Amino acid sequence: MTAADIKRIAYIRSIPISRAGPYIPDLARAVAATGREARIFYTDGDCDAADFPGGTWEKLPEDATPDLIADRIRAWGADGVVSLSFPDEAGLRDAVVKERLARHGIPMVSNGIEPSRLLADKWETKKILTDHGLETPPGIFVDGTLLKHGAAAVPAYADIIRVKAEEIGYPLLSKAVWGSSGNGMRFLRDRADLESWLAAPDEGNVVLEKCVTGELCTVELVGADGRFAVQPLCFTGSTGGEPTFAFWELRSSAPRAQDDAAFAPVAEKLKKLCATVGITGVINLDIVYSHGTYYVLEINPRVSGATALGVAASGHNTYLSMTDILLGQWRAPAEPVLPRQRWSLEFPVNGVTDTFVEEAEQALDIVQITPALVVDGREYGGLLIATCEYGAETDFLDRITALDATHRVLSPDMLTRLKELLTGPAAQSTR
């Protein structure tokens, strides 16, 4: 099938379209400009002409099965499909949709069942990372069935875990082998915490690994057929203690010449990993940067909550890239990592009102304002993503400070951290 044969493109989305900022609307306009029809099939939130301009939309049940999604897409008459879904369980669902549609000759840009299965499994991911010369925190696989004596009585199994834990060193993190968004993660500070954990272990299998102290960061790769683009690194907080909710942090893609240079060879290894595993579309990685070394924690085989943050920094729309892959028009950039074009900033905001949104959009270059973030059915505060051109840091700070004086949407600590970031070494390097 050639690009000329693809007249109707279906997109699958599993979280609110508004969480993508302007980048899905930009995608819809671009597809409409080529004379093609686009329809987004979504399971969460709402959609209207502002969310998908020039296209159409169709709501699916939140528990839509792969068969139901494939049937609805075929009923519409799609010639090609692109997955824009996350978290992992939605990405895995779409991998099955891809297999179902392939039986009918409908191509789909989404990671297939095998790469999705491997990368959603944290222990398999650690082995793949090691095979490609990438650093990952030392750890062990813990068989929950053995630990609970479910399949066989192996009393020494807990002793083996104790010995390995001492070898790895405290603190440790216990993470479900399958799962995303930090669900089920436990922090084990010392031997006493380990004993408590062994006395009441988690359900299922887990990875027990060293809790590395450093800076959390995330990065996204997009591409296919051995040709990949790497979005700029986004720094998302600190690690080394109890896990915290990521969206409470100041997250940014900021100029850091030395750290970016250290990441360039890591990016090249990640591209080779993508080629070996057979990535078609997107992966997102969670990483810890510690003492000059990037430790990869996990690989998510789909887009992520940080997609908009990376796209805002580079100006390179991931969703458009996936459409180019579908149409056979994908050209990977020559750079090891896409260069940042501007500051990209994400931070929590509280008590968001319509008036604040209106004034913020007039005062700042807003990518997205989410009045209330809902994760796994729990409602958190709001979230704001904005960009700032290099050299305009002082003006940005003046404007956000004035907005906060009127609306009180920022904690004092968050305002201080914004000022420190935008007046610190990173800001000095842009001048």
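# Notebook: loops, sheets and a pocket

I began with Arg408, which counts as exposed because its relative accessibility is 62%, and the cut-off for exposed is over 50%. The model I am reading is a predicted one. I then looked up where Arg408 sits: its place is the loop between helix H13 (393–407) and H14. Its backbone drew my attention, since Arg408 is not a glycine and yet has a positive phi of about 55 degrees.

**Entry: positive phi and cis bonds**

I noted the background to this entry. Most residues other than glycine have a negative phi, and most peptide bonds are trans.

I next turned to His291. Its phi is positive, near 50 degrees, and the residue is not a glycine. I located His291 in the loop between strand E14 (281–290) and strand E15 (293–300). Is His291 buried or exposed? With a relative accessibility of 83%, His291 counts as exposed.

I then looked up cis peptide bonds. One of them joins Phe86 and Pro87, with omega at about 10 degrees. Pro87 belongs to the loop between strand E4 (80–83) and helix H3 (88–102). I found another cis peptide bond between Tyr170 and Pro171, where omega is about -5 degrees. Pro171 lies in the loop that runs between helix H7 (156–168) and strand E7 (172–176).

**Entry: the parallel sheet**

I traced an open sheet of five strands, and I recorded their order as E3-E2-E1-E4-E5, with parallel pairing. Which strands stand at the edges? They are strand E3 (56–59) and strand E5 (108–109); each has a single partner strand, so one side of each is left without a neighbour in the sheet.

Within this sheet I examined the pair E1 and E4. Strand E1 (residues 8–13) runs parallel to E4, and four bridges join the two. I looked up the partner of Ile9 and found Gly80 in E4.

I also checked what lies against these strands. Helix H11 (residues 318–326) lies across E1, E4 and E5. The angle at which H11 runs to E4 is about 150 degrees.

**Entry: helix H10**

How many residues of helix H10 are buried? I recorded eight of eight for this helix (residues 307–314), so it is mostly covered, given that buried means under 20% relative accessible area. The buried residues of H10 include Thr307, Leu309, Val311 and Ser314. I noted that Gly315 follows H10 and has a positive phi, near 75 degrees.

**Entry: the antiparallel sheet**

I traced a further open sheet, made of four strands in the order E6-E9-E7-E8, and its pairing is antiparallel. Strand E6 (139–142) and strand E8 (186–188) are the edge strands, each pairing on one side only. On average, neighbouring strands of this sheet are turned by 20 degrees against each other, direction ignored.

I then examined E7 and strand E9 (residues 206–210). These strands run antiparallel and are joined by five bridges. Opposite Ala176 I found Val206 of E9.

Which strands does H7 lie across? I recorded E6, E7 and E9, with H7 running at about 165 degrees to E6. The loop after H7 is the one that holds Pro171, noted above for its cis bond to Tyr170.

**Entry: the second largest pocket**

I looked up the second largest pocket and noted a volume of about 320 Å³. Its lining consists of 16 residues. Nearest the centre of this pocket lie Glu215, Leu250, Ser252, Arg256 and Leu421. I listed the elements that give two or more residues to the lining: strand E10 (214–224), strand E12 (234–239), helix H14 (412–423) and helix H15 (425–428).

Which element gives the largest share of the lining? It is E12, with four residues. I also recorded the character of the lining, which divides into six nonpolar, six polar and four charged residues.

**Entry: Gln428**

I closed with Gln428, which is found in helix H15. Its relative accessibility is 44%, so Gln428 counts as partly exposed. I looked up its separation from Pro255: the two residues are 173 residues apart along the chain, and their C-alpha atoms are separated by 9.6 Å.

Note on methods. Residues are numbered from 1 along each chain as its sequence is written. This is a predicted model: local features need pLDDT of at least 70, side-chain atom pairs count only at pLDDT 80 or more; totals for chains, interfaces and linings use all residues. Side-chain values use heavy atoms; hydrogens and water are left out. On a 1 Å grid over the protein atoms alone, a cavity is a set of points where a 1.4 Å probe fits but cannot get out, and a pocket is an open set with protein on both sides within 12 Å along at least five of seven lines; lining residues have an atom within 4 Å of a point. Grid points are joined across faces, edges and corners, and a volume is the space filled by probe spheres set on the points. Ala, Val, Leu, Ile, Met, Phe, Trp, Tyr, Cys and Pro count as nonpolar, Asp, Glu, Lys and Arg as charged, and the others, Gly among them, as polar. Buried means under 20% relative accessible area, exposed over 50%, partly exposed in between (1.4 Å probe, protein chains only). Two strands pair if DSSP finds at least two bridges between them. Contact means heavy atoms within 4.5 Å. Axes are lines fitted to C-alpha atoms, for helices over the stretch in contact, and angles run from 0 to 180 degrees between N-to-C directions.
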